[in-house]
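Welcome! Here is a short tour of a protein model, starting with a sheet and moving on to its pockets.

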Amino acid sequence: MASMCKHVIARIRPTVSFASVHLHERKWSSTLSITTSILEKELASIRAAGTFKSERIITSQQGPSIKVYGSKGEILNFCANNYLGLSNHPAVIESGKRALDSHGAGLSSVRFICGTQDIHKDLERKIAKFHGKEDAILYISCFDANAGLFETLLSPEDVVISDELNHASIIDGIRLSKAHRIRYKHRDLEDLKNHLVSAKGCRQKLIATDGVFSMDGNIAPLREICELANKHDALVFIDECHATGFFGPTGRGTEEHLNVSGQVDIINSTLGKALGGAAGGYTTGPKQLIDLLRQRSRPYLFSNTLPPPVVACASKALDIVMENPDLPKKVLSNTNRFRTKMLDAGFTVAGDPCHPICPVMLGDARLASQFSEQMLEQGIYVIGFSYPVVPKDKARIRVQISAAHTEKDIDKAVDAFIKIGRNLKVLP
């Protein structure tokens, strides 16, 4: 094959002229111009709808207070996933620095070749113990963990029954599998039951759901899901990205919050939110599953391993969570304070009252964008969420509360919401 290609190339090469090269360049330029025009029209339609998402530039560490390019002074941050305030915790940063010295910047390899260090194995054992599972496997992100799970676990003989509002990474991961794919209505137990009954003949039945749904801040009815799973011989999988470390009395997540610890079979979650805020994800569950993922999971086999400083930061963050059970309580008390004051002011705040995701519902996409810009002028960093991130006519400001916020921070944010709400006629 190689010699054939060389022969063909040798025959073609003498016939290539500058004119033909320029003709090819003009053709490519013309094709690119058409594509660019299509893209510009699409971008223009996004701008016209008021849903164009500009990225603000932070010039400081992540934290409850940040510096934002173009804004004066400190800005209170109320839209990060930094639920415990550990992204810039001194002990977390110091652990990352020490790992950089002792274990280097990265492994330049995937795990099974020469990309596994002692600190990776230590963190996996710590994660499994934290969740009460047999084993755990690290990924570069939870998106990769979700991409690697379903294809490995499920075959054409199996079925996965997924909540219709699951995170995009779960949806994409399920698409990669050859299993039968069914969506059940959001948190609708009757619909889930009917699908379980119809899937009776399948080899494996897997129920897949977010523990906490990130856009709405509402919680899966996990107790009832586990009861249905037991009755219909199904496995239960949950994505705990917006629960791990801070939700539940000791931060063990949705299982603990709903008092069903140990009843979920497989948990995927992230190290990039409450647990240090850098990067990384994982799957934790039965040892046989984790062993198989190490053999077959494509994102694990073909992606560089998690950098040592990130591993060390996450490991220290997990230590802090386990040693400080008051941190989740602080998140809850701050959440209660914000929600109570906002509801008293007349705002509609969606989501579960116990969860620090507090969507302030506005409806109109343009209004949400204007609202967030005016909040920044008041020293409050929040972002307007609109289609396609959330359904049309369901635009909102998604506020996220942290244990690192003070009561004064909470009150300042509420005061700004009230002021802008009146300016924009959201409040009377």
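## A three-stranded sheet

In this predicted model, 3 strands form an open sheet in the order E12-E15-E14, and their pairing is antiparallel. Strand E12 (357-363) and E14 are the edge strands; each has a single partner strand, so one side of each is left without a neighbour in the sheet.

Let's look at the pairing of E14 with E15: these strands run antiparallel and are joined by 2 bridges. Gly-384 sits opposite Ile-397 in E15. Helix H15 packs on the sheet, where it touches E12, E14 and E15, and its direction makes about 40° with that of E15.

## The second largest pocket

Gly-384 turns up again here: along with Lys-53, Ser-54, Ile-383 and Phe-385, it is among the residues nearest the centre of the second largest pocket, which has 23 lining residues. Two elements, helix H15 (365-377) and strand E14 (384-385), give two or more residues to this lining. H15 provides the largest share, 4 residues.

The volume of this pocket is about 560 Å³. Its lining divides into 10 nonpolar, 9 polar and 4 charged residues.

## The largest pocket

How much space lies in the largest pocket? The answer is about 680 Å³. It is lined by 30 residues, and Asn-166, His-167, Ala-168, Ser-214 and Met-215 are the closest to its centre.

Helix H6 (142-153), helix H7 (168-176), strand E7 (212-213) and strand E15 (395-400) each contribute at least two residues to the lining of the largest pocket. By class, this lining holds 14 nonpolar, 8 polar and 8 charged residues.

Methods. Residues are numbered from 1 along each chain as its sequence is written. This is a predicted model: local features need pLDDT of at least 70, side-chain atom pairs count only at pLDDT 80 or more; totals for chains, interfaces and linings use all residues. Side-chain values use heavy atoms; hydrogens and water are left out. On a 1 Å grid over the protein atoms alone, a cavity is a set of points where a 1.4 Å probe fits but cannot get out, and a pocket is an open set with protein on both sides within 12 Å along at least five of seven lines; lining residues have an atom within 4 Å of a point. Grid points are joined across faces, edges and corners, and a volume is the space filled by probe spheres set on the points. Ala, Val, Leu, Ile, Met, Phe, Trp, Tyr, Cys and Pro count as nonpolar, Asp, Glu, Lys and Arg as charged, and the others, Gly among them, as polar. Two strands pair if DSSP finds at least two bridges between them. Contact means heavy atoms within 4.5 Å. Axes are lines fitted to C-alpha atoms, for helices over the stretch in contact, and angles run from 0 to 180 degrees between N-to-C directions.
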